Amino acid sequence: MAALKTLTFSSYVTVWSLPGFAFALQNTLFLIVVASTLTMILAFAVSWVVVRSNVRGRALIDFLSFTPHAIPTIVMGVGLMILFIFLVDIFPIYGTLWILVVGMVVKRISYATRVMVASMYQIHRELEQAAAVSGANLLKTFWYVTARLVAPALQNGWLYTAINVNSALTIP
């Protein structure tokens, strides 16, 4: 009981009053939102190509989207760092938050693609064909039929990706 009497929230107040804490929290939230959103957009596009299109090499695209899962995170990070050092004139993102966004998207795309491919396989092509017969163009069919039916998978994939991105970051 004596130890519980000394328990206070003063350490939390101290952390919130540190000068760099708000900036670190802002960067963390930015990375979570942007990396998760870009990951799910890319996963949605990849899964649509793999499942719905007749593009040659779609199995290779599916394989490449799952490859980052097999590469250790430290190797991926060093590889991206070296890549963007050499491409600094074309893509000047080395030393910015954007290189972390790229790293998070590349590392998390394998999980997001698996979620989206499984969701896309559950939607029958007849639904998209019915929209096309009713006069909807490809973009309307994509938005009003496909995207609406895979929305729960998009939300779950985004949340899972956001949790993983957050766990990979630390706030000093």
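## A first look at an all-helix model

Set aside the neighbours within four places in sequence, and leucine 127 is in contact with Val145 and Leu149. That small detail is our way into this predicted model. Leucine 127 has its place in helix H7. Is leucine 127 buried or exposed? Neither label fits, because its relative accessible area is 43%, which makes leucine 127 partly exposed. Another residue gives a sense of distance: leucine 127 and valine 50 are 77 residues apart in sequence, and their C-alpha atoms lie 18 Å apart in space.

**The overall picture**

Stepping back, the secondary structure of the protein comes to nine helices and zero strands. Reading along the sequence gives the pattern α-α-α-α-α-α-α-α-α. How does the radius of gyration of the protein sit beside that of a compact globule of 172 residues? Such a globule would have a value near 16 Å, but the protein has 21 Å. Along its principal axes, the C-alpha trace spans about 70 × 45 × 25 Å. Of the 172 residues, 33% count as buried. Among contacts in the protein with a separation of 6 or more, 77% are accounted for by residues 24 or more positions apart.

**Inside the protein**

The largest nonpolar core has 15 residues, and those touching the most other members are Ala43, Phe44, Val51, Met116, Met120 and Val150. Helix H3 (21-52) and H6 each supply at least two residues of this core. H3 gives the most, with six residues. Which residues does methionine 116 touch, not counting those up to four places away in sequence? The list for methionine 116 is Met40, Ala43, Phe44, Ser47, Val150, Ala153 and Leu154. There is also a second, separate core of ten residues, and its members include Ala35, Val105, Ala162 and Val165.

Serine 110 is worth a visit too. Serine 110 is found in helix H6, which covers residues 97-121. Why does serine 110 count as buried? Its relative accessible area is 0%, so serine 110 is buried. Leaving aside neighbours within four places in sequence, serine 110 is in contact with Ser65, Phe66 and His69.

**Two pockets**

Rolling a probe the size of a water molecule over the atoms shows where empty space is left. Here are two of the pockets, side by side.

| Pocket | Volume | Lining residues by type |
|---|---|---|
| Largest pocket | about 290 Å³ | eight nonpolar, three polar, two charged |
| Second largest pocket | about 180 Å³ | five nonpolar, four polar, three charged |

The largest pocket is lined by 13 residues, and those nearest its centre are Gly77, Leu80, Leu100, Gly103 and Met104. Which elements give two or more residues to this lining? They are helix H5 (73-86) and H6. Serine 110, met above, is found in H6 as well.

In the second largest pocket, the lining residues include Trp48, Arg52, Arg125, Glu128 and Gln129. Further along the sequence, Ala132, Ala136, Asn137, Leu138, Thr141, Phe142 and Thr146 also line the second largest pocket. H3, helix H7 (125-133) and helix H8 (138-149) each supply at least two residues of this lining. That brings us back to H7, the helix where leucine 127 has its place.

Key: Residues are numbered from 1 along each chain as its sequence is written. This is a predicted model: local features need pLDDT of at least 70, side-chain atom pairs count only at pLDDT 80 or more; totals for chains, interfaces and linings use all residues. Side-chain values use heavy atoms; hydrogens and water are left out. Helices (H or I, at least four residues) and strands (E, at least two) are DSSP runs, numbered from the N terminus. Buried means under 20% relative accessible area, exposed over 50%, partly exposed in between (1.4 Å probe, protein chains only). Contact means heavy atoms within 4.5 Å. A nonpolar core is a set of buried Ala, Val, Leu, Ile, Met, Phe, Trp, Tyr and Cys residues joined through side-chain atoms within 4.5 Å. On a 1 Å grid over the protein atoms alone, a cavity is a set of points where a 1.4 Å probe fits but cannot get out, and a pocket is an open set with protein on both sides within 12 Å along at least five of seven lines; lining residues have an atom within 4 Å of a point. Grid points are joined across faces, edges and corners, and a volume is the space filled by probe spheres set on the points. Ala, Val, Leu, Ile, Met, Phe, Trp, Tyr, Cys and Pro count as nonpolar, Asp, Glu, Lys and Arg as charged, and the others, Gly among them, as polar. The radius of gyration is taken over C-alpha atoms; the globule rule is 2.2 Å times the number of residues to the power 0.38.
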